[in-house]
Each structure stands twice: as structure tokens, then as C-alpha cells.
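Subject: The structure I promised you

Hi there,

Here is the structure I said I would send over. Have a look at it first, and then read on for what turned up in it.

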Amino acid sequence: MTDEKQNKIQKNEFNSNTNPIKTSRSKKTEDTQKKTIWVQMNLIPIWARILIVLLLLIIAIITGAMVGYGVLGDGVPSDVLKKETWTHILDIIRGEQS
């Protein structure tokens, strides 16, 4: 019985010694996975991004002016796009009201 216990103990010690080797191998594979280099591809060039942002900004300003003039100001929203409307607004701001 004692020999069997010693054999079991030796087997357990052997197994416990092999476990760190397995974990070190798994750490090596994790390290190689962490060292992968990411290649960043720009699908849209920077000049196109700037152009898109400027276009969206202009659309937002026009839409906001139309909502402000048409809904809040009780005017016709399409009048925002007319030059006469802006000259009239600038005249009011300057104090040259007619």
C-alpha cells in the first residue's frame, strides 16, 4: 500500500510539474498573438472626409436657418435661400430699417 501511495504521489508531482510547462506554452502563444501588427486601411481619404464634413455642416446650417425662419419666425422656409431676405436681415441688424 505504501508503494502505491508513493507511486500516486510521484505521479501527482510529475503532473504538477508538467502543468507549468503547459501554461508557459500557452503564454507563448498568447504573446505571439499579442504581437500581431494591425494594418490600418483608410477607405476614405482625408480630403474626402474634410469635404464630407464641410458639406454636412453647410446642410445643417441651411436646414437650421430654414427651420428658424419658417417655423419660429412664421415666414416661408424657402425664402431663406433668397438674397433679398439676407439683405433685409442685415439691414435690421445694422439699424437701417426701412
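A residue counts as buried when its relative accessible area is under 20%, as exposed when that area is over 50%, and as partly exposed in between. By that yardstick, 5% of the 98 residues of the protein are buried. The accessible surface comes to about 9,400 Å², and carbon and sulfur atoms own 63% of that area.

Please keep in mind that this is a predicted model. The average pLDDT of the protein is 79, with 64% of the residues scoring at least 70. Among the elements, helix α2 (residues 46-72) has the highest mean pLDDT, 95, while helix α1 (residues 2-34) has the lowest, 58. Where pLDDT is low, the predicted coordinates should not be read in detail. What follows therefore leaves α1 aside, given its mean pLDDT of 58.

On to the fold. The protein has three helices and zero strands, so read from the N terminus the order of elements is simply α-α-α. For α2, the 27 residues should span 39 Å at 1.5 Å a residue, and the 37 Å between its end C-alpha atoms agrees with that. Helix α3 has twelve residues and covers 17 Å from its first C-alpha to its last, close to the expected 16 Å. Two residues with positive phi come after these helices: D74 follows α2 with a phi near 55°, and G95 sits just after α3 with a phi of about 90°.

The part I would like you to look at is around D79. This residue lies in the loop between α2 and α3. Is D79 buried or exposed? Its relative accessible area is 18%, and because the cut-off for buried is under 20%, D79 counts as buried. Setting aside neighbours within four places in sequence, D79 is in contact with Y69 and T85.

T85 belongs to helix α3, residues 83-94. With a relative accessibility of 11%, T85 is buried as well. Its contacts, not counting residues up to four places away, are Y69 and D79. The side chain of T85 also reaches the backbone oxygen of D79, at 2.7 Å. Y69 therefore appears in the contacts of both residues, D79 and T85.

How many salt bridges are there? The count comes to two. One of them involves D79 again: K82 pairs with D79, and their closest N and O atoms are 3.2 Å apart. K82 is partly exposed, at 42% relative accessible area, whereas its partner D79 is buried, at 18%.

The other salt bridge joins the side chains of R94 and D91, at 4.0 Å from N to O. Because they are three residues apart in helix α3, about one helical turn separates R94 and D91. R94 is exposed, with a relative accessible area of 56%, and D91 is partly exposed, at 27%.

To pull the D79 story together: this buried loop residue has a salt bridge with K82 and offers its backbone oxygen to the side chain of T85.

Happy to hear what you make of it.

Best wishes

Definitions and conventions:
Residues are numbered from 1 along each chain as its sequence is written. This is a predicted model: local features need pLDDT of at least 70, side-chain atom pairs count only at pLDDT 80 or more; totals for chains, interfaces and linings use all residues. Side-chain values use heavy atoms; hydrogens and water are left out. Helices (H or I, at least four residues) and strands (E, at least two) are DSSP runs, numbered from the N terminus. Buried means under 20% relative accessible area, exposed over 50%, partly exposed in between (1.4 Å probe, protein chains only). A polar contact is a pair of N or O atoms within 3.5 Å; within protein, one must be able to donate a hydrogen and the other to accept it, and residues adjacent in sequence count only if both atoms are side-chain atoms. Contact means heavy atoms within 4.5 Å. pLDDT is the predictor's confidence in each residue, from 0 to 100. The expected span of a helix is 1.5 Å times one less than its number of residues. Accessible areas come from the Shrake-Rupley method with a 1.4 Å probe; for residues, only the protein chains shown count as cover.
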